[in-house]
Amino acid sequence: MINRIHILGASGSGTTTLGKALEERLGYRHFDTDDYFWLPTEDPFTVHRPVEERLELLTKDLARHEKWVLTGSLCGWGDGLIPLFDLVVFLWIPEDIRLTRLKERELQSYGSAVEPGGSRYENSQAFLRWAAQYGTGGMEIRSRLLHEKWLASLTCPVLRIEGDTTVEERIKAVESMITGKAQTQSRA
């Protein structure tokens with residue numbers, strides 16, 4: 001039975017969107033690593049929560065639910081949670097599409113504050129530069145290389161969904177894994 005799912009990929013690949021869709025469609029409780037990784041501050045996504053604290057909070061929340069989906073990257077800091085996963089889903093989309101999505105998301109979230117001269121302009125530009133390194137970055141950042149090495153260490157099934165697929169196509173791929181009818185399952 002697949003009750004505990006972890007979804008990861010590059011920022012902007014759709015992990016949170018898929019997690020929310022699985023919560024709505026299949027009744028899994030959705031959690032996102034960003035809610036644990038970052039401290040809630042006036043200037044969001046700027047202050048890391050200490051590792052021990054984020055793990056304690058996340059572990060407690062996951063323990064309260066039989067069926068859950070956890071989205072986002074926890075490579076390194078959350079490796080102790082690996083034994084909990086019944087399925088890991090890796091999402092990848094072409095970089096140009098992903099970066100366009102991120103730019104749109106930044107503008108939607110912060111409006112003119114991310115435009116030149118705006119109060120979040122520098123933070124937004126730094127985030128976009130960081131996100132653009134996913135395909136070429138090394139093990140020191142959230143990168144394809146880091147994710148591939150992490151995926152290779154897993155013993156649970158890994159579902160890879162690569163390309164510019166719709167949310168509906170992604171849900172169906174995950175449902176196929178849950179029901180045991182998957183044809184796209186692979187091990188990293």
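**Salt bridges, cores and one helix**

Twelve salt bridges turn up in this structure, which is a predicted model. A few of them are worth a closer look, starting with the pair D86 and R4, whose side chains meet with N and O 3.1 Å apart. This pair ties together distant parts of the chain: D86 is in the loop between β3 and β4, R4 is in strand β1, and 82 residues separate them. The two partners are not equally hidden, since D86 is buried, at 18% relative accessible area, whereas R4 is partly exposed, at 27%.

Another bridge joins D43 to R120, and here the closest N and O atoms are 2.3 Å apart. Again distant parts of the chain are linked, with D43 in the loop between α2 and α3 and R120 in the loop between α4 and α5, 77 residues apart. In this pair the acid is partly exposed, D43 having a relative accessible area of 32%. Its partner R120 is buried, with a value of 10%.

Then there is E148 with R160, a salt bridge with an N to O distance of 2.6 Å. E148 belongs to helix α6 and R160 to strand β5 (residues 158-162), so the pair, twelve residues apart, links a helix to a strand. E148 comes out as partly exposed at 23% relative accessibility, while R160 is buried at 18%. The story does not stop with two residues, either: R144, E148, R160 and E162 are linked in a network of salt bridges.

Back at the start of the chain, N3 sits in the segment before β1 (4-9). Its relative accessible area is 13%, so N3 counts as buried. What surrounds it? Leaving out neighbours within four places in sequence, N3 is in contact with Y28, E66, K67, W68 and D86. The last of these, D86, is the residue that pairs with R4 in a salt bridge.

Next come the nonpolar cores. The largest one has 25 residues, and the members that touch the most others are F85, V88, W150, L151 and L154. Several elements give two or more residues to this core: α2 (34-37), α3 (51-63), β3 (68-71), β4 (87-92) and α6 (144-152). Of these, α6 supplies the largest share, three residues. V88 shows what such a well-connected spot looks like: setting aside neighbours within four places in sequence, V88 is in contact with H6, L8, W150, L151, L154, C156, P157, V158 and L159. A separate core of 17 residues lies apart from the largest one, and its members include I2, A21, L159 and V174.

The cysteines offer a simple piece of reasoning. The count of disulfides is zero. C75 is in no disulfide, and the nearest cysteine sulfur, in C156, is 12 Å away. A disulfide needs the two sulfur atoms within 2.5 Å, so the 12 Å between C156 and its closest cysteine sulfur, in C75, is too far for a bond. Both residues are tucked away all the same: C75 is buried, at 13% relative accessibility, and C156 is buried too, at 10%.

Finally, helix α5 makes a neat example of a helix with two different sides. The helix covers residues 121-132, twelve in number, and its span from first C-alpha to last is 16 Å, close to the 16 Å expected at 1.5 Å a residue. Which residues of α5 are buried? They are S124, L128 and A131. Viewed down the helix axis, the buried residues of α5 fall within an arc of 65 degrees, so they line one face. The general rule behind such a pattern is that an α-helix has 3.6 residues a turn, so residues three or four places apart point the same way. On the face of α5 turned away from the buried side, the exposed residues E122 and R129 are found. As for what covers the buried residues of α5, helix α4 (95-110) is included.

How values were computed:
Residues are numbered from 1 along each chain as its sequence is written. This is a predicted model: local features need pLDDT of at least 70, side-chain atom pairs count only at pLDDT 80 or more; totals for chains, interfaces and linings use all residues. Side-chain values use heavy atoms; hydrogens and water are left out. Buried means under 20% relative accessible area, exposed over 50%, partly exposed in between (1.4 Å probe, protein chains only). Helices (H or I, at least four residues) and strands (E, at least two) are DSSP runs, numbered from the N terminus. The expected span of a helix is 1.5 Å times one less than its number of residues. The arc is that of the directions from the helix axis to the C-beta atoms. Contact means heavy atoms within 4.5 Å. A nonpolar core is a set of buried Ala, Val, Leu, Ile, Met, Phe, Trp, Tyr and Cys residues joined through side-chain atoms within 4.5 Å. A salt bridge is a side-chain nitrogen of Lys or Arg within 4 Å of a carboxyl oxygen of Asp or Glu.
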